[in-house]
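Please look over the sequence and the model below. The paragraphs that follow take one topic at a time.

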Amino acid sequence: MTFLLPDAAVSSRLSGQDRVCLEMASANGWTCATNDKVLRSACAARGVSLLWGLELMVELVARDVLPVKRATKVGIKMHEINPRSITDTVLRDFLSRIGG
């Protein structure tokens with residue numbers, strides 16, 4: 001397996017774990033599920049498909065892997081912790097999409 005490093009400006013801002021995530025997703029054609037803007041930017045630059053954290057939960061609920069009640073609690077907690085990113089509008093849309 002060959003790993004390609006992202007450009008220096010992006011790689012200097014990525015944590016070690018995020019670099020591994022980027023490389024594994026890129027090498028294996030995986031989708032990266034993250035809310036981290038630096039990692040999202042690096043993935044986009046490398047053509048790695050992306051999902052926001054709430055989008056991943058929508059998919060899990062749709063596949064009956066994650067109960068609606070649990071997804072609702074997690075989404076609300078994410079909103080409480082980071083209301084600037086997970087706004088009221090984002091939360092309402094998420095809850096509507098999962099039927100919560």
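How much space lies in the largest pocket? In this predicted model, the figure is about 330 Å³. The pocket is lined by 15 residues, and those closest to its centre are Asn35, Trp52, Leu54, Ile86 and Val90. Two elements, α4 (53-62) and α6 (88-98), each give two or more residues to the lining. By type, the lining divides into seven nonpolar residues, four polar ones and four charged ones.

The setting of this pocket is a protein of six helices and two strands. Along the sequence they follow the order α-α-β-α-β-α-α-α. Of the 100 residues, 30% count as buried. Among contacts with a separation of 6 or more, 30% come from residues 24 or more positions apart.

Helix α4 is a useful place to continue. Which of its residues are buried? They are Gly53, Leu54, Met57, Val58 and Val61. Viewed down the axis of α4, these buried residues fall within an arc of 145 degrees, so they line one face of the helix. What does that face pack against? The buried residues of α4 are in contact with β2 (50-51), α5 (68-81) and α6. Just after α4, Asp64 takes a positive phi of about 60 degrees.

Several of the buried residues of α4 appear again in the largest nonpolar core. This core has eleven residues: Leu54, Met57, Val58, Val61, Leu66, Ala71, Ile86, Leu91, Phe94, Leu95 and Ile98. The elements that give two or more residues to the core are α4 and α6, and these two helices also each give two or more residues to the lining of the largest pocket. Leu54 and Ile86 belong to the core and are also among the residues closest to the centre of the pocket.

Val58 shows the packing at the level of one residue. Leaving aside residues up to four places away in sequence, Val58 touches Phe94, Arg97 and Ile98. Phe94 and Ile98 are, like Val58, members of the largest nonpolar core.

There is also a second core, separate from the one just described. How many residues does this second core hold? It has eight, including Cys32, Leu39, Ala42 and Val48.

To go back over the main points, α4 has its buried residues along one face, and that helix packs through them against β2, α5 and α6. Both α4 and α6 give two or more residues to the largest nonpolar core, and both do so for the lining of the largest pocket.

Technical notes
Residues are numbered from 1 along each chain as its sequence is written. This is a predicted model: local features need pLDDT of at least 70, side-chain atom pairs count only at pLDDT 80 or more; totals for chains, interfaces and linings use all residues. Side-chain values use heavy atoms; hydrogens and water are left out. On a 1 Å grid over the protein atoms alone, a cavity is a set of points where a 1.4 Å probe fits but cannot get out, and a pocket is an open set with protein on both sides within 12 Å along at least five of seven lines; lining residues have an atom within 4 Å of a point. Grid points are joined across faces, edges and corners, and a volume is the space filled by probe spheres set on the points. Helices (H or I, at least four residues) and strands (E, at least two) are DSSP runs, numbered from the N terminus. Ala, Val, Leu, Ile, Met, Phe, Trp, Tyr, Cys and Pro count as nonpolar, Asp, Glu, Lys and Arg as charged, and the others, Gly among them, as polar. Buried means under 20% relative accessible area, exposed over 50%, partly exposed in between (1.4 Å probe, protein chains only). The arc is that of the directions from the helix axis to the C-beta atoms. Contact means heavy atoms within 4.5 Å. A nonpolar core is a set of buried Ala, Val, Leu, Ile, Met, Phe, Trp, Tyr and Cys residues joined through side-chain atoms within 4.5 Å.
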